[in-house]
Amino acid sequence: MSDAHLTERPLDGGPEPIELTDEPIRLSHRDPEEYGRRPRSRGRRVALGVAGAVLTVGVVASGVWGWQVLREKDTRVDTPARLAGLERDDSERALNTADYLRSGFAADIDLDRSFGTVYREKTNAGGTPAAGAGRSVLVFGGTTLLWQPERDLDSLFGLMADETGKVGGLRAVDAGDLGGVMKCGTTEGDGGDFAICGWADHGSVAMAMFPGRTVDDAGSLFRQMRAGMQTR
């Protein structure tokens with residue numbers, strides 16, 4: 001047996017060797033340029049679709065939020081003489097109480113316009129107290145542009161708790177046709193526990209104290225009061 005390497009042996013009687021050239025070897029009939037244009041993977045298409053959907057939802061949400069701000073930012077709150085079965089109390093004592101509440105509230109939040117008013121249940125035509133008359137409602141608040149109404153309202157409830165004691169059972173209630181957010185709870189007073197409610201939207205914020213009323217009754221009355229006080 002020869003020691004020569006197999007590749008050095010002459011190919012006797014075999015086929016002619018294949019001659020390699022500089023031309024590329026084509027293994028199919030496809031254009032070589034097509035190999036550089038690989039189709040997008042399914043995963044990439046899904047990712048792009050999800051990103052597009054998220055962007056669309058974000059744009060829509062921003063548009064809705066912007067529309068709410070524009071709709072609510074220019075609001076007016078008045079304190080009419082008669083409101084939701086109540087009469088405004090213009091006595092000196094009531095006015096002093098209302099001004100005290102207004103000043104304290106305005107010190108906690110930057111308002112363009114602030115108010116404070118005391119309402120009482122109506123008396124009969126002869127001046128005698130109607131059923132339940134004498135129960136008062138102390139309402140105070142103001143108008144300003146609020147970017148995050150619920151956050152600001154929660155902060156004000158926290159400040160109110162510092163003044164009157166803990167506000168317990170705070171919960172959202174129906175805000176009515178004017179929208180925004182409305183919440184009610186209970187706190188302590190000289191005469192025992194009483195209901196306290198607040199509303200806020202992008203243009204106004206207000207709170208009210210309801211001695212002698214339950215949270216449910218206070219929430220319903222506050223919604224009626226707001227409808228008679230706030231205009232846009």
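## The second largest pocket

The lining of the second largest pocket is evenly split by residue class: three residues are nonpolar, three polar and three charged. The model is a predicted one. In it, this pocket holds about 220 Å³ of space.

The lining residues are Asp89, Ser91, Arg93, Ala94, Thr97, Val118, Arg120, Ser136 and Leu138. Three elements each give two or more residues to this lining: helix H2 (92-108), strand S4 (113-121) and strand S5 (136-143). H2 supplies the largest share, with three residues.

## An aromatic link between H2 and S5

The structure has three aromatic pairs. One of them joins Phe105 and Phe140. Their ring centres lie 5.6 Å apart, and the planes meet at 70°. That makes the pair edge-to-face.

Phe105 sits in helix H2 and Phe140 in strand S5, so the pair ties together parts that are 35 residues apart in sequence. Both Phe105 and Phe140 are buried. H2 and S5 also appear among the elements that line the second largest pocket.

## The ring cluster

Another edge-to-face pair is made by Phe210 and Phe222. Here the centre-to-centre distance is 5.9 Å, with 80° between the planes. Phe210 belongs to strand S9 (residues 204-210). Phe222 belongs to helix H4 (residues 215-229). The two are twelve residues apart, and the pair links distant parts of the chain.

Are these two rings buried or exposed? Phe210 has a relative accessible area of 0%, so Phe210 is buried. Phe222 is also at 0% relative accessibility and therefore counts as buried. Trp199 joins the picture too: ring pairs link Trp199, Phe210 and Phe222 into a cluster.

## The disulfide

How many disulfides does the structure hold? There is one. Cys184 and Cys197 form this bond, with their sulfur atoms 2.0 Å apart. The torsion about the S-S bond is about 110°, so the disulfide is right-handed.

The bond links distant parts of the chain, with the two positions 13 residues apart in numbering. Cys184 is in strand S7 (residues 181-189). Cys197 is in strand S8 (residues 192-200). The relative accessible area of Cys184 is 0%, so this cysteine is buried. Cys197 likewise counts as buried, because its relative accessibility is 0%.

Methods. Residues are numbered from 1 along each chain as its sequence is written. This is a predicted model: local features need pLDDT of at least 70, side-chain atom pairs count only at pLDDT 80 or more; totals for chains, interfaces and linings use all residues. Side-chain values use heavy atoms; hydrogens and water are left out. A disulfide is a pair of cysteine sulfur atoms within 2.5 Å. Helices (H or I, at least four residues) and strands (E, at least two) are DSSP runs, numbered from the N terminus. Buried means under 20% relative accessible area, exposed over 50%, partly exposed in between (1.4 Å probe, protein chains only). On a 1 Å grid over the protein atoms alone, a cavity is a set of points where a 1.4 Å probe fits but cannot get out, and a pocket is an open set with protein on both sides within 12 Å along at least five of seven lines; lining residues have an atom within 4 Å of a point. Grid points are joined across faces, edges and corners, and a volume is the space filled by probe spheres set on the points. Ala, Val, Leu, Ile, Met, Phe, Trp, Tyr, Cys and Pro count as nonpolar, Asp, Glu, Lys and Arg as charged, and the others, Gly among them, as polar. Rings of Phe, Tyr and Trp (its six-membered ring) pair if their centres lie within 6.5 Å; planes under 30 degrees apart count as stacked, over 60 as edge-to-face and the rest as tilted.
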